[in-house]
Amino acid sequence: MEGMKMYRQIVILTGAGISAESGLRTFRDQDGLWEEHKIEDVATPEGYARDPELVDRFYNARWSQLHSGDVEPNAGHNALARLEREFDGELLIVTQNIDDLHERAGSHRLLHMHGELSKGRCPRSRQTFLLKDPFGPEHTCTCCIPAQRLRPHVVWFGEMPIGLDRIQHTLDNCDLFIAIGTSGTVYPAAGFVDTANHHGAQTVEVNLVEADRHSQFQYHLQGKASEIVPDLVD
Ligand code: BV8
């Protein structure tokens with residue numbers, strides 16, 4: 001924690017790599033989620049319009065794994081929740097992940113920029129609904145007549161990410177930006193490091209490998225998030 005005390009505003013971007021050690025598959029690693037599906041079939045509005053049942057199955061498989069009882073936050077998630085408790089400056093975790101492992105670890109200052117697996121959304125009003133069981137055609141909204149079939153509350157390619165104004169503002173004012181477990185392939189998240197650099201923040205990448213934007217980071221800490229992040233927070 002000593003090392004963190006010198007900062008006053010920290011933004012942390014997390015990706016699928018921080019949940020990998022909890023047993024959730026990443027997208028682009030070996031045996032990743034995209035291996036079995038084409039992105040355009042399961043992570044675009046066009047794919048959903050073409051085959052909503054296929055997309056429901058893709059997200060239901062992930063929903064069921066997340067609620068199987070076998071998936072728990074790991075030391076990386078827990079360390080970030082401890083940082084929030086102990087750091088007396090401003091902290092925001094921006095996650096690209098749609099799982100709820102940061103919440104379950106105790107993080108509150110958290111923004112899901114690509115949506116949340118545990119919620120469905122009304123396609124007409126955009127109102128969200130907590131889902132107690134996996135997606136199906138029987139999941140309809142209560143805000144419209146006739147009731148609309150709920151879609152996954154997930155940001156697909158070509159859709160506007162959530163909370164960009166708030167994210168931009170915190171990036172403009174942060175003095176430390178840490179990216180953990182993300183391949184840096186998806187924008188606008190992959191461009192956050194440029195904003196942080198532009199405003200003079202220190203930038204750190206935590207990853208098993210040098211990811212796509214690694215040259216933009218001042219520091220690269222190579223290794224598993226569950227090992228590196230607790231050391232970073234201590
Ligand atoms: C938008 C759905 C308009 C949710 C996802 C050309 C140039 C630039 C941009 C574009 C372009 N063409 C199109 C675009 C825009 C497009 C885009 O970026 N395309 C890419 C492919 C080029 N972006 C969009 O469409 C976005 N919307 O642009 O709207 C707009 C924007 C701004 C302002 C106005 C209008 C929407 C993007 C969201 C798409 N939705 N998925 C879901 O199903 O979960 S993307 C998908 O990838 C997930 O959301 C995921 O979060 C995201 C990023 O993946 P990662 O989290 O990084 O995971 P990945 O598997 O890739 O990598 C894992 C990493 O972890 C690896 O580096 C690995 O080494 C590491 N790792 C593994 N284990 C560990 C570890 N690290 C540490 N410890 C470990 N144990």
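Leaving aside its neighbours within four places in sequence, with which residues is Trp156 in contact? In this predicted model, the partners of Trp156 beyond those neighbours are Val42, Ala43, Thr44, Pro45, Tyr48, Val55, Tyr59 and Arg151. One of these partners, Tyr59, shares with Trp156 the distinction of having the most contacts inside the largest nonpolar core, a group of 25 residues. Two elements, α2 (33-36) and α5 (52-66), give two or more residues to this core, and the largest share, six residues, is the contribution of α5. The core also reaches across the domain assignment, since at least three of its residues are drawn from each of domain 1 (1-24 + 73-114 + 161-234) and domain 2 (31-70 + 120-154). Apart from this core lies another, of 21 residues, which includes Met4, Leu80, Leu83 and Leu110.

**Confidence and domains**

The mean pLDDT of the protein is 94, with 99% of its residues at 70 or more, and the model scores are ipTM 0.94 and pTM 0.95. The domain assignment gives two domains, each made of separate stretches of the chain: domain 1 takes in 1-24 + 73-114 + 161-234, and domain 2 takes in 31-70 + 120-154. Taken over C-alpha atoms, the centres of domain 1 and domain 2 are 26 Å apart, and the contact between them takes ten residues from domain 1 and seven residues from domain 2.

**The six-stranded sheet**

One open sheet is formed by six strands in the order β3-β2-β1-β7-β8-β9, with parallel pairing. The edges are held by β3 (110-112) and β9 (219-222), and because each has a single partner strand, one side of each is left without a neighbour in the sheet. From one strand to the next the twist averages 15 degrees.

Within this sheet, strand β1 (residues 9-14) is joined to strand β7 (residues 176-180) by five bridges, and Val11 has Phe177 of β7 opposite it. Towards β2 (90-95), β1 is joined by six bridges, again in the parallel sense, and here Ile12 stands opposite Ile93. Ile93 also has a bridge partner in β3, namely Leu110, in a pairing of β2 with β3 that is parallel and extends over three bridges. Leu110 is, besides, among the residues of the 21-residue core. As for covering, β2 is mostly shielded, with five of its six residues buried.

Two helices can be followed against these strands. Helix α6 (residues 75-86) lies across β1, β2 and β7, running at about 155 degrees to β2. Helix α10 (residues 225-233) packs on the sheet as well, where it touches β7, β8 (202-207) and β9, and its direction makes about 150 degrees with that of β8.

**The three-stranded sheet**

A further open sheet has three strands in the order β5-β4-β6, and its pairing is antiparallel. Its edge strands are β5 (128-130) and β6 (151-154), each of which pairs on one side only, and the twist averages 55 degrees from one strand to the next. Strand β4 (residues 115-121) is joined to β6 by three bridges, and Gly115 stands opposite Val154 in β6. The helix that packs on this sheet is α5, which touches β4 and β6 and whose direction makes about 125 degrees with that of β4; α5 is also the element that gives six residues to the 25-residue core.

The bridge counts for four strand pairs are set side by side here.

| Strand pair | Sense | Bridges |
|---|---|---|
| β1 and β7 | parallel | five bridges |
| β1 and β2 | parallel | six bridges |
| β2 and β3 | parallel | three bridges |
| β4 and β6 | antiparallel | three bridges |

**A residue in a loop**

Is Asp212, in this model, buried or exposed? Its relative accessibility is 52%, and because exposed means over 50%, Asp212 counts as exposed. Asp212 has its place in the loop between β8 and β9, where, leaving aside its neighbours within four places in sequence, it is in contact with Ser183, Gly184 and Thr185. Ala61 lies 151 residues away from Asp212 along the chain, and the C-alpha atoms of these two residues are separated by 28 Å.

Technical notes: Residues are numbered from 1 along each chain as its sequence is written. This is a predicted model: local features need pLDDT of at least 70, side-chain atom pairs count only at pLDDT 80 or more; totals for chains, interfaces and linings use all residues. Side-chain values use heavy atoms; hydrogens and water are left out. Two strands pair if DSSP finds at least two bridges between them. Helices (H or I, at least four residues) and strands (E, at least two) are DSSP runs, numbered from the N terminus. Axes are lines fitted to C-alpha atoms, for helices over the stretch in contact, and angles run from 0 to 180 degrees between N-to-C directions. Contact means heavy atoms within 4.5 Å. A nonpolar core is a set of buried Ala, Val, Leu, Ile, Met, Phe, Trp, Tyr and Cys residues joined through side-chain atoms within 4.5 Å. Buried means under 20% relative accessible area, exposed over 50%, partly exposed in between (1.4 Å probe, protein chains only). Domain bounds come from an automatic or database domain assignment. pLDDT is the predictor's confidence in each residue, from 0 to 100.
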